Each structure stands twice: as C-alpha cells, then as structure tokens.
Amino acid sequence: MARVLIIGAGGVGGVVAKKCALNDNVFTEIMIASRTKSKCDRIAAEIAQYFHNSKTKVTTARVDADSVPELVALIKEYQPVMVINVALPYQDLTIMDACLETGIHYLDTANYEPKDVAKFEYSWQWAYRERFEKAGLMALLGCGFDPGATGVFTAHHAKHHFSEMHYMDIVDCNNGNHGKAFATNFNPEINIREITAAGRYWENGAWVETQPLELSQDIYYPKVQTRKSYVLYHEELESLVVNFPTLKRARFWMTFGDTYIKYLNVLETVGMTSIEPVNFQGQQIIPLEFLKAVLPAPESLAENYSGQTCIGVQIKGLGKDGQPKVHFVYNVCDHTETFKEVQAQAISYTTAVPAVIGAMLMLEGTWMRAGVYNVEEFDPDPFIAQMNLQGLKVDELTGIELVK
Ligand code: NDP
C-alpha cells in the first residue's frame, strides 16, 4: 500500500522498522536511513533473519538529517509518501522542511529541541501549521508513548468517561532491571537533558516551576509495584492543556531509583551533564555528548532486561453523569516479551509501536487531515483498537485514586 521513509536507526528506529515489516499489508516498502548506515543495515539484516515471511521490501541509506538538501535528494530519489522521524529532536525542523519541499507527510515522537539550549516546546513546530495546510500535507507530532499514547488516553477519557476533566496526572514507571549500574533507556543526551531540567506543571491557568526532581510521591502502578515518582516537565503537557482547557491541573510523574539519582547527581556535580563546550587537548568537547559516547546504547540493554513498564493517565473530574469520578487508562509492557518479539527493550517498543500505528492511521486515511496536529486532536478509538492488536494492551481502572 505505501512506501515509507524511516529516519533514525537507534533503539526506537529498529522497532519501528520491524513493526512495519510485521504489518506488510500497509508498509509494502520501507527505507531505513540514518547518519550511520551500518546501523540501518544491521536492522535490515535482523528483519531478513527474524521476519523472513514479511513481504515488506526493505532498503537502507545514509543521510545527515541536519541537512535539508541531503534529505530532499534522498526523498526525491526514494519517493516515499511519508517520513517517520525517529532520529533526534534536533532534526525535527529540517525534516519538516524537507517534507514540505518534496510534498510528503511527516510524523515524529519528540518535539523540536535546539541543540545548544536545553529547552523543548511545540511553538517551533506549530509555526508550520499554515504551510502544511496550504500544501495539503499532514504532520503528526509526538506520536510515541509519552507523548503519544498518553494524549490518546486523555482523548479517550474525554470521549468516553468525563463530561469535564479537572485534574490530570500522567504516570510513567519503568520497573525494569537491565543489570547495568547506570544507563538510560533512550538516547542518553535527550534523556539527561529532560531529567536535569527544572520541573514544571500546570495549575489554575499558569505553569508552576519546581527544582529538578523536587516533588515526589509513592504511586501504585497496577500489575507492577508501588514506586517513588517525581514531577518532571514533559512535552505533552503543553498541548494537552491547550486542547483540554477545562484542566485545572496537569502533572507528569516518572519513577527513578535511588541509585540512578545518585549517579545522575554525581555526573551533574562534576559537570558531565553540561552542554557548554569545554576545551580538551585543543578540541571543543560537549561533556554531555561525550557522556553519551561512553554510556551503553539504549538498544544494547535489551537482551538481559527484565521487568515491566506501566504508563498511564489518571483523570479526576465529572463523569458523563455529572458525578465526581476518577479513572485511569494504562498499558503494562514487559521487557522480556518485547525482546522475544522484536529483540528490543520495552522503552524502545512502547515508543515505536504508537509511531507505527499513527503512520498506519494516516496512510489508511483514518487520521489524515492537512496541517500540523498533536495526537489528542484525533478520534482515540481506532488508535486504541490498534494498540490492543499491535502488542500494547490498554487497561482501565475506575474509582481508585492512584495519584493524590
Ligand atoms: P538513539 O540515540 O538510539 O537513536 C537515534 C538515531 O538517530 C541514531 O540512529 C542516530 O544516528 C540518528 N541520528 C542522530 N542524528 C542524526 C542526523 N543528524 N541525521 C541522521 N540520523 C541521525 O535514540 P532512540 O532510538 O532511543 O530515540 C529516538 C527518538 O525517540 C528520540 O527523538 C527520542 O527523543 C524519542 N523518544 C520518544 C519517546 C516517546 O515516548 N515519545 C520515548 C523515548 C524516545 P547515529 O547512530 O549515527 O548516532
């Protein structure tokens, strides 16, 4: 049915490519393109090895996605109908520019972040709305798990459970164990920038700032465990408070183990998480980029990873009957199971599967509309139906307040 270009060949890119191959009725041809071609070739070889029944035609290419001319040349040569961008947030705008120049659709899983400022927000990408609308093209932003499935879950709450949503808590627990003293589950540079930034949440029409990891509470994650969780600023809060204006408070919580925080504190204290260049033996080095180079690659954690993730959205407000209600929609994903299916850990899996579902819904026309959108602006039903089919079972729990 469609030819799709996947940009990025890391932990997430590998699962995106494999899940596309497993849905060969939709993704008849895919190209995996990234900065290091050998990583693309390795994914293609794994598809040939593990999914030899797939009819998807897989090709690979090298591309520097910071360069619009390189992207344009590759797109003109391969002629895909859309790009699934699972490179880094730094490349979002160049890839969107290339899509506009060549007339193809766009999807990503993380909002744009300039490389030299540790700050992410949607404004840069929302500024492309008119250009995508005029070109008759669609850009779907933040279609991973969080952001992504969390926005879909919120839309599901609004559609099926609440007449008015008041308090939203997104919770993200990784209760897995990869056996390494310190490692991040997705790109270390992006992950550490996110965690070491100030916390922020929405309350009564304004953003409230906190120190990094200042607010915490114990949260029970159904089917998993009670874990200490910390308030972080997370990008989907920005679009969700705009798209659901009745929200009086919106927060995002993530679990971190004490050892993880101890390591992070040490690295921060000695300057290893800084993005300010330092002169080292006559060369300019960014400490955080160097740290990324010595930490384990996210995809390398997969083989011995055990345990589960639990990510969900709790809403408190007025139910469809006008009575006070609390409801939780969530998914539990098992690291061992995802390794068995696609040789990847659950963080890469939970990010990649929603990206593939988003692309599928766009290609089938179910979620196709010209312009730039966040996932919660579409009907959540077909997305959740696909999550249940594609390995991310969606569960619901009502009447229990997990987050106070
Ligand atoms: P990785 O670091 O494992 O992979 C990133 C890939 O992008 C690598 O293959 C890298 O190439 C490639 N890349 C980087 N820069 C360029 C460039 N200039 N041109 C071409 N390719 C480039 O990251 P992950 O797979 O863990 O994460 C991918 C994305 O998913 C990130 O944007 C991350 O923020 C997002 N994410 C979203 C989540 C969600 O739930 N929404 C959760 C987790 C991640 P090379 O190998 O050469 O470095």
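**Exercise 1. Find the residue that follows helix 12, and say whether its phi is positive or negative.**

Solution. Start at the end of helix 12 in this predicted model. The next residue along is Gln-343. Its phi is positive, near 55°.

**Exercise 2. Work out which residues of helix 12 are buried, and how they are placed around the helix axis.**

Solution. Step one: go through residues 335–342 and pick out the buried ones, counting a residue as buried if 20 or more other C-beta atoms lie within 10 Å of its own. That gives you His-335, Thr-338 and Val-342. Step two: look down the axis of helix 12. The buried residues fall within an arc of 65°, so they line one face of the helix. Step three: see what that face meets. The buried residues of helix 12 pack against helix 1 and helix 13, and also against strand 15 (308–319) and strand 16 (324–334).

**Exercise 3. Describe the two domains and the contact between them.**

Solution. First, get the bounds: the domain assignment gives domain 1 as 2–141 and domain 2 as 149–342 + 394–398. Next, take the centres over C-alpha atoms; they're 24 Å apart. Then look at who takes part in the contact: 15 residues come from domain 1 and twelve from domain 2. Finally, sort the side of domain 1 that touches domain 2, and you get seven nonpolar, four polar and four charged residues.

**Exercise 4. Where does the largest nonpolar core lie, and which helix gives the most to it?**

Solution. Begin with the core itself, which has 112 residues. Ile-6, Ile-7, Val-16, Ile-32, Ile-84 and Ala-139 have the most contacts inside it. Now look for the top contributor: helix 13 (residues 346–364), with twelve residues. As for the location, domain 1 and domain 2 both give residues to this core, so it lies between them. To zoom in, pick Ala-139 and skip its neighbours within four places in sequence. Ala-139 is then in contact with Met-96, Tyr-106, Tyr-128, Phe-132 and Val-372.

**Exercise 5. Say what surrounds the ligand, and why the shell around the ligand lies between the domains.**

Solution. Count the shell first: 31 residues surround the ligand, and the closest are Gly-10, Val-12, Ala-65, Gly-144 and Phe-186. Sort the shell by type, and it splits into 14 nonpolar, twelve polar and five charged residues. Helix 1 (residues 11–22) supplies the largest share, three residues. Last step: domain 1 and domain 2 both give residues to the shell, so it lies between them.

Technical notes. Residues are numbered from 1 along each chain as its sequence is written. This is a predicted model: local features need pLDDT of at least 70, side-chain atom pairs count only at pLDDT 80 or more; totals for chains, interfaces and linings use all residues. A nonpolar core is a set of buried Ala, Val, Leu, Ile, Met, Phe, Trp, Tyr and Cys residues joined through C-beta atoms within 7 Å. A residue is buried if 20 or more other C-beta atoms lie within 10 Å of its own, exposed if 12 or fewer, and partly exposed in between; C-beta atoms are placed from the backbone. Helices (H or I, at least four residues) and strands (E, at least two) are DSSP runs, numbered from the N terminus. Domain bounds come from an automatic or database domain assignment. Two residues are in contact if their C-beta atoms, placed from the backbone, lie within 7 Å. A residue is near a molecule or strand if its C-beta atom, placed from the backbone, lies within 6 Å of it. Ala, Val, Leu, Ile, Met, Phe, Trp, Tyr, Cys and Pro count as nonpolar, Asp, Glu, Lys and Arg as charged, and the others, Gly among them, as polar. The arc is that of the directions from the helix axis to the C-beta atoms.
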